[in-house]
Amino acid sequence: MRLDNFDFSKKVFYHPERVAKLKFGGRPFPVTVEIDLTNRCNHRCSFCFYAEHISTDTSTIETATALQVLSDLKDCGAKGVSFTGGGEPMIHKDFTVILEHASKLGLDCGLITNGSAITPKNVEILAKNLTWIRVSAAGGDLHSYERVQGINHFDKVMKNVGLLHYAKQALNSKINIGIRMLVTPENIQSVHNLAHILAPIGINYLQVAPDQFTKDDGAFWNSDETQNAFKEAANTLATSDTKLLTSGYVWYQDQLDKPQGCYAHFFQIAILAEGHVAFCKNARGADKFYLGNINEKPIKEIWDDVKNLDLESWVKPSNCGLYCKHIQMNLALENVLNPEHDMSPNFVG
């Protein structure tokens, strides 16, 4: 079954001035910055590649530091921040304070969360200040959810998603609400049940995503069982406002040798709970890609530091050794920055 895909590649072209700056040898500051507010987490997801690290490192960005770095990011030209992990961002003790500060600065705000910390007390703050929220729910019923996420929060999270949707309606908010379900053999049978729960609520999307670390060359994802589960879910959602989507960067990993540089670095970086500024969001846990630390230097100094300039001079998708979640963006920019000669780029139409 062919599912609609998140197309991240076209988003860079919403910022033509930065694409032009990059094309003519400049260094545009990233549009988006991912921020891990804390490594603490109240779930123990089996698929979390960062699980071993955060089980021993419970670093948290101090509130004053977070507020300052958000102001600095705005001054540097960032447009949006997404609070993610690391751990669970909403269990930072001052999460709502930090969110409201970012929003008041004029930054668009996104949130990736397990949804368990949404409450009647904070739900309006989320609906008012977030551009989007994506709830990770790796299971469509209580049993499969607990097996994969490591805790029995399924009913609680589904209730919280409904709570958020109703707050959106009450406030006439434009917040985009989605659920991402990492599909595994342990939870595939529950995809339809999740669609059945979400259909009457009417959130924006349910995203089913493949496990990037499987070694079966897509056998499980393309199996009749999996594809039939998606068809059943699509039929259930057909009469609702909820789209069924997938995630597409997995399918482009055989094209890593095409981009001549890591252009995505100039559009998105990450700040980790320890304070490290990472070359890209894929570089969590890879020390050689840490550019500096916000606890020691302002973000502008880190961006202009020789460590960053050196990495920019040689890193590309084919040689960095990391799984490239930005490959679609890099491929799209390669076509602009280094068009093939036989494309005759000055003849349009």
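Helices, as counted here, are DSSP runs of H or I with at least four residues, and strands are runs of E with at least two. On that basis the chain of this predicted model comes to 12 helices and 11 strands.

The overall dimensions are a good place to start. The chain has 349 residues, for which a compact globule would have a radius of gyration near 20 Å; the value for the chain is 20 Å, so the two agree. The C-alpha trace spans about 50 × 50 × 40 Å along its principal axes. Of the 349 residues, 54% are buried. The chain exposes about 16500 Å², and 50% of this area is supplied by carbon and sulfur atoms. Sequence separation adds a further view of the fold: taking contacts between residues at least 6 apart in sequence, 73% join residues at least 24 apart.

Helix α12, covering residues 327-337, gives a clear example of burial. Nine of its 11 residues are buried, which means that the helix is largely enclosed by the rest of the structure. The buried set includes the hydrophobic residues I327, M329, L331, A332, L333 and L337, but Q328, N330 and E334 of the helix are buried as well.

Another buried residue, F95, belongs to helix α4. Its relative accessibility is 2%, and because buried means under 20%, F95 falls in that class. Beyond its neighbours within four places in sequence, F95 is in contact with L37, F83, P89, M90, L111 and L126. F95 also lies 10.0 Å from T38, C-alpha to C-alpha, although 57 residues separate the two in sequence.

T38 comes up again in the surroundings of E88, a residue of the loop between β3 (80-84) and α4 (95-104). Setting aside residues up to four places away in sequence, E88 touches T38, R40, C41, N42, T113 and N114. What, then, is the nearest side chain of opposite charge to the buried E88? That side chain is R44, and it is 10 Å away. A salt bridge needs a side-chain nitrogen of Lys or Arg within 4 Å of a carboxyl oxygen, so a separation of this kind leaves E88 without one. The E88 side chain does have a polar atom placed 2.8 Å from the backbone nitrogen of N114, and N114 is also among the residues that E88 touches.

Note on methods. Residues are numbered from 1 along each chain as its sequence is written. This is a predicted model: local features need pLDDT of at least 70, side-chain atom pairs count only at pLDDT 80 or more; totals for chains, interfaces and linings use all residues. Side-chain values use heavy atoms; hydrogens and water are left out. Buried means under 20% relative accessible area, exposed over 50%, partly exposed in between (1.4 Å probe, protein chains only). Lys and Arg count as positive and Asp and Glu as negative; His and the chain ends are not counted. A polar contact is a pair of N or O atoms within 3.5 Å; within protein, one must be able to donate a hydrogen and the other to accept it, and residues adjacent in sequence count only if both atoms are side-chain atoms. Contact means heavy atoms within 4.5 Å. The radius of gyration is taken over C-alpha atoms; the globule rule is 2.2 Å times the number of residues to the power 0.38. Accessible areas come from the Shrake-Rupley method with a 1.4 Å probe; for residues, only the protein chains shown count as cover.
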